[in-house]
Amino acid sequence: MARSLNEGIPSRVYLTTLFVGLCFHTITVKGAALKQEVALENGAMVLNHSMTLVQRLEALLAQGNASDVSLRVQTINTDEVKVIQAHTLVLSLQSEIFEELLLSRNSSTLVLREAPDCAAVFDKFIRYLYCGDISVRLDQAIPLHKLASKYRILGLQQGLTQYMNQHLSSESPTGHVVGWYQYAMQIGDMALRDSCLQYLSWNLSSVLQSGEWGSISDDLLLSLLQRSDLILQSELELYEALEAWIGQNQPAGLTVESALRAVRYGMIPPQHLFRLQKQSPLMLKYYETIRDLLYLAFQFHSASPIQLAKYFDVNCSIFTPRNYLSSSWGSPWVINNPTRDDRSFSFQTQLGPSGSDASKRVTWNALFSPRWFPLSVRSSYSEIGSMQPTRTDGGRPRIIVTPATSSPDFAGVSFQKTVIVMARQQSKVVVRHVYNFHQSTEEAGDFLADADLQRRASEYLIDSSLYLHIVVKPLYHSLIVARK
């Protein structure tokens, strides 16, 4: 076997020489070494050969030259063993955990026991310690984050957390967001947990149609069912997906009962409730568990909400809509070249989901302005197309949604408007942002506050167009008089 030119030189000395020698590749032409942060004198320049250092370190790892420690990586519960020739100096510089392990070892071999998923990417992890860069696939994010946490490589931890936050919408055969959510719960990363939960909530319709839906845990399912910001086609879609999930996972009876009681039956039209009562195996089996909720839902559909509100608390969740995308609740709105000028648009929704209101239509006028305009001109917006407000330079986008007319039917009802902004991420159209505002405000004050619509490549635009979906949700007010 060919002898190394450096054979006989202690590896720590050799590596130290390599580091010092390569660091002096950053020099000044006049011969005096200068730091980059110090202003250079006239006639001086910096030559940066830092990439040479990275390349030589990568070669050092690959060839095992001057290695003074063998990392013996044993996969837990298997006979699989991976051996990596490494260098004490590099490992100690990068990780205090490695430094402690190396100081306490009794031989030139350091035995490390890793779970199968971590062992599979351990060589990639070690290469990062030498080179400072790493390529990551969706299925490798968690095991690499586990290794970075175990060996306290803070920069890699933070980078992988950022990677997961930025790749929630990436396509994967079996889905990955649920797994990342469960991992975030396990390690106590509340920011990542909330990002995953928000993604699942805002894109629930697509999640329900994917293989990932079946992998959702009991706790995550119940957490989602409690939320009012879910974005999906209808409550019926949610019930049918829940029935499929229960059939696939066979959870405990208490979980089934809790899940069924979280469904908002008042938001399901009565004709579909009748069908479910007779044809849904799940409802037939657990009918007694939700009998009171179904009875309340049928009462809601048989009387006007204002009559029901005199005797029942209509502020409870069964009467609170989620963000439904079906045409009864709102409409999509695609705005081409959104920075060009003001746009107006009209659409209709049902007055409300109850049986007495579902056939009544409300016409809504929506106005989008790419820049702020004075309040004084808004009063002239009496009918669609009649308003051309004066725009103010340096303003930001605004959207207003108002009813075209008033009606006595609005008594006891307020309307929450939700504007959903779509975007393309990793070639997939997903919900980018959600803005909520109420009847009293008429507009979302922070609408697209951080968006740069001037850029054609703006993350808020799809093919230079702004894709919105407006949802109007009626909220009922209790009229129960407290007894003295």
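Two strands pair if DSSP finds at least two bridges between them, and that idea opens our tour. The elements named below are DSSP runs numbered from the N terminus: helices are H or I of at least four residues, strands E of at least two. What you see is a predicted model, in which local features need pLDDT of at least 70 and side-chain atom pairs count only at pLDDT 80 or more, while totals for chains, interfaces and linings use all residues. Residues are numbered from 1 along each chain as its sequence is written, and side-chain values use heavy atoms, leaving out hydrogens and water.

**View 1. An open antiparallel sheet is built from β9, β10 and β11.** The three strands follow the order β9-β10-β11. The edges belong to β9 (343–350) and β11 (398–403); each has a single partner strand, so one side of each has no neighbour in the sheet. Ignoring direction, neighbouring strands are turned by 20° against each other on average; such angles, from 0 to 180 degrees, lie between N-to-C directions of lines fitted to C-alpha atoms, for helices over the stretch in contact. Follow β9 to its antiparallel partner β10 (residues 361–369), and you will find eight bridges joining them. For one pair to look up, take Ser346, whose bridge partner in β10 is Asn365.

**View 2. A second open sheet runs in the order β4-β3-β5, and α6 packs on it.** Its three strands show mixed pairing. Here β4 (81–86) and β5 (109–114) are the edge strands, and because each has a single partner strand, one side of each is left without a neighbour in the sheet. From one strand to the next, the twist averages 20°. Between β3 (residues 69–75) and β4 there are six bridges, and the pairing is antiparallel. Look for Ser70, which stands opposite Gln85 in β4. Helix α6 (residues 122–131) touches β3, β4 and β5, and its direction makes about 10° with that of β4; contact here means heavy atoms within 4.5 Å.

**View 3. Helix α6 also packs against helix α7.** Their axes are 10 Å apart and the packing angle is about 55°. The two helices are therefore oblique to each other; angles under 35 degrees count as roughly parallel, over 145 as roughly antiparallel, 65 to 115 as roughly perpendicular, and the rest as oblique. On the α6 side, the contact is made by Phe122, Lys124 and Phe125, and on the α7 side by Leu144, Leu147 and Ala148.

**View 4. Helices α10 and α12 meet obliquely.** Find α10 at residues 190–202 and α12 at residues 218–225: they pack at an angle of about 60°, with their axes 11 Å apart. From α10, the residues to spot are Leu197, Leu200 and Ser201; they meet Leu220, Ser223 and Leu224 in α12.

**View 5. Helices α15 and α17 lie roughly antiparallel to each other.** The axes of α15 (residues 270–279) and α17 (residues 287–302) cross at roughly 155° and come within 11 Å. Pro270, Leu273, Phe274 and Gln277 represent α15 in this contact, where they meet Tyr287, Leu294, Ala297, Phe298 and His301 of α17.

**View 6. Arg152 and Ser464 are loop residues with a positive phi.** Most residues other than glycine have a negative phi. Arg152, in the loop between α7 and α8 (154–166), has a phi near 55°. Ser464 sits in the loop between β13 (428–438) and β14 (465–476), and its phi is near 65°.

**View 7. Confidence varies along the chain.** The pLDDT, the predictor's confidence in each residue from 0 to 100, averages 84 over the protein chain, and 84% of the residues score at least 70. Among the elements, helix α7 (residues 141–150) has the highest mean pLDDT, 98, and strand β1 (residues 27–28) the lowest, 36. Over residues 1–37 the pLDDT stays under 50, and the model gives this stretch 45 contacts beyond four places in sequence. Residues 480–484 also stay under 50, with five contacts beyond four places in sequence. Where pLDDT is low, the predicted coordinates should not be read in detail.
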